[in-house]
Amino acid sequence: MTQLDARPQAGDTVRGVADGGVRTKGLGGNSVGLMGSAVIGISTVAPVYCLTSTLGSTAGEVGLQMPAVFLAGFLPMLLVAFAYRELNRVMPDCGTSFTWTVKAFGPRVGWMCGWGLVIATIIVLSNLAGVATSYFWLLAGEISGSESVAALDDSKPVHILTCLILIAIATAISYRGMTATKGVQYALVGLQLLVLAIFVTMAFQKASGGAFDTGVDFSWSWMNPFAVQSFAAFTAGLSLSIFMYWGWDACLTANEETTGSEKTPGRAALIAMVVLVGSYLATGVAAQMTVGSGESGLGLANPDTSDNVFAALAGPVMGPGLGILLFVAVLASAAASLQTTFIPVARTVLAMSTYEALPPSYARVHPRFKTPGRATVVAGIATGVFYTVMTLVSEHVLVDTIYALGLMICFYYALTAFACAWYFRHELLRTTRDFVFKGLFPLVGGLLLAAVFAKTLYDMWDPAYGSGSAVFGVGSVFVIGVGLLALGLLIMFVTERRSPAFFRGEVLTKETPALVVAD
């Protein structure tokens, strides 16, 4: 009996060997279908939250070429999505990137890939909680008609306390399982996409009437990425664009709880990607035509409003009555994503613990809710601590973590894409389909993301990158990004001393069968 088989039985932790010799982690199978999986992917990305927090920053980097950068960011993500689909077909494991890269490149590379996913998720969760908190008080102020209520968000103690409460609520919902998560998500995702469609329609109407002096007539040159003023500006904008697509792989991390786990999650991811790119292009074009991408007035790159564009545009574009719906949509987007973003981090930690890459206590699955309870709670605590510390240190730190997030995303997505090409290397010449979807597309996607990673890493050294703050003359974005990766290496070395079997390649190998879900 292997160490993995010797794990305690499900109900307390992961089951070692189930009836018929099929091993399982104990998650609840067949909890989500195609539509539910796609909704989870869209929700995790949080399109309305991403747009309000990055439209201004992206416009500030690339100007009117923002739609082109949205398309440029979509391309590598689409290619990597094919890698996820192919790997999931043969290895439907909730550890996704971690499990697949271990099988392709070995335990240490796989562990760091898992760390990249986990830390990226913690960063996103903290920022989602912050945005949800700000819009909660903004909405409360609008409803009550009191500026003093809205101003409560400016109080750090009130802001942090509200943020921690929202994190606790999201953690509790995620803890109760995929069925509870799915029901909430249908309502929240439907609401935000409906309001976004209304905003885009009204923005086009304002643009056609020339309602704002800063508006710009549409031009197909906006779709030309080569018109960006510099390569450095392009890569900065691309890094933000990649952040805007992050999270679609939540469809895959829920694969063991999805009906038809080999095919459904991959299809759901592609559906989510198409919805996202369509939403981003429509909103970006409509916003630029309405108010332009400059730094004056309502221009998207105005430094006074660029970090929260919809707060500035809601009233002027939609009017005081409907404008409040945009506040609700941003709050719904952040709240929905805050809940579903627990899915990838908790299930990745569950898989890492199952395969002895983390302490065994994280492999415990709740006997009733069939969720990785301990991993979910710890992720919630880590998010609250991270956000509290970052907020108390500096207001600019949270902005810089978003820029650093692009580095983490490129890191683990590129590794996963390369893992696909390497894992299937002996199958690439069998058919044209195998060559394209298992080799060519993943390899090109991985190379594109690796190039963005390298260029971003170089640019991050400059203190002018991000918020403009520095630590001993080095850009704070570089310090945050590289520091978090270095922290991962340190934790990995400590873990290796406590769980040597995994790092010796004795627990998870290419021949290890998937730990599937019992029905």
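# Exercises on a predicted helical model

Glu 356 is situated in the loop that joins helix 13 (342-354) to helix 14 (373-393). The model is a predicted one, and the exercises below begin with this residue.

## Exercise 1. Backbone and burial at two loop residues

Determine the sign of phi for Glu 356 and for Ala 46, and decide whether each residue is buried or exposed.

Solution. Most residues other than glycine have a negative phi. Glu 356, although not a glycine, has a positive phi of about 65°. Its relative accessible area is 11%; the cut-off for burial is under 20%, so Glu 356 is buried.

Ala 46 is placed in the loop between helix 1 (34-45) and helix 2. Its phi is near 60°, again a positive value in a residue other than glycine. With a relative accessibility of 0%, Ala 46 counts as buried.

## Exercise 2. Packing of helix 2 with helix 11

Classify the arrangement of helix 2 and helix 11, and state which residues make the contact.

Solution. Two packed helices are described by the angle between their axes and the distance between the axes. For helix 2 (residues 47-62) and helix 11 (residues 264-291), the angle is about 40° and the axes are 11 Å apart. That angle makes helix 2 oblique to helix 11. The handedness of this crossing is right-handed.

Helix 2 contributes Pro 47, Cys 50, Leu 51 and Leu 55 to the contact, while helix 11 contributes Leu 276, Tyr 280, Thr 283 and Gly 284. Sorted by class, the residues of this contact are six nonpolar, two polar and no charged.

## Exercise 3. Packing of helix 4 with helix 5

Give the relative direction of helix 4 and helix 5, then describe the make-up of their contact by class.

Solution. The axes of helix 4 (residues 97-105) and helix 5 (residues 107-144) come within 7 Å and cross at roughly 160°. Angles over 145 degrees count as roughly antiparallel, and the two helices, helix 4 and helix 5, are therefore roughly antiparallel to each other. Their crossing is right-handed.

On the side of helix 4, the contact involves Ser 97, Phe 98, Thr 101, Val 102 and Phe 105; on the side of helix 5, it involves Pro 107, Val 109, Gly 110, Trp 111, Cys 113, Gly 114 and Leu 117. The classes represented are eight nonpolar, four polar and no charged residues.

## Exercise 4. Aromatic pairs

Find the number of aromatic pairs, and assign a geometry to the pair Phe 74 and Tyr 245 and to the pair Tyr 423 and Phe 424.

Solution. The count comes to 24 aromatic pairs, for ring centres within 6.5 Å. A pair of aromatic rings is described by the distance of the centres and the angle of the planes. For Phe 74 and Tyr 245, the ring centres are 5.9 Å apart and the planes stand at 50°, so this pair is tilted. Phe 74 belongs to helix 3 (residues 66-90) and Tyr 245 to helix 9 (residues 231-245), so the pair ties together parts 171 residues apart in sequence. Both partners are buried: Phe 74 has a relative accessible area of 15% and Tyr 245 one of 0%.

For Tyr 423 and Phe 424, the centres lie 5.1 Å apart with the planes at 90°, so the pair is edge-to-face. Tyr 423 counts as buried at 14% relative accessibility, and Phe 424 is buried with 0%.

Ring pairs also link Tyr 84, Trp 100, Trp 248, Tyr 412 and Tyr 413 into a cluster.

## Exercise 5. Surroundings of Phe 212 and Thr 290

Locate Phe 212 and Thr 290, and state which residues each one touches beyond four places in sequence.

Solution. Phe 212 is in the loop between helix 8 (178-208) and helix 9. Its contacts are Lys 206, Thr 290, Val 291, Leu 298, Pro 316 and Val 317. The C-alpha atoms of Phe 212 and Val 291 are separated by 6.1 Å, with their positions 79 residues apart along the chain.

Thr 290 is part of helix 11 and is buried, with a relative accessible area of 2%. Its contacts are Ala 203, Phe 204, Lys 206, Ala 207, Phe 212, Gly 215 and Val 317.

## Exercise 6. The chain as a whole

State how many helices and strands the chain has, and what share of its residues is buried.

Solution. The secondary structure comprises 18 helices and two strands. Of the 519 residues, 58% count as buried. Among contacts with a separation of 6 or more, 79% involve residues 24 or more positions apart.

Definitions and conventions
Residues numbered from 1 in each chain as written. Predicted model: local features only at pLDDT ≥ 70, side-chain atom pairs only at ≥ 80, totals over all residues. Heavy atoms only, no water. Axes fitted to C-alpha atoms, helices over the stretch in contact; angles between N-to-C directions. Helix = DSSP H or I, 4+ residues; strand = E, 2+ residues; numbered from the N terminus. Parallel < 35°, antiparallel > 145°, perpendicular 65-115°, else oblique. Left-handed = near helix turned anticlockwise from the far one by under 90°. Contact = heavy atoms within 4.5 Å. Nonpolar A, V, L, I, M, F, W, Y, C, P; charged D, E, K, R; others polar. Phe/Tyr/Trp six-rings, centres within 6.5 Å; stacked < 30°, edge-to-face > 60°. Buried < 20%, exposed > 50% of the residue type's maximum accessible area, 1.4 Å probe, protein only.
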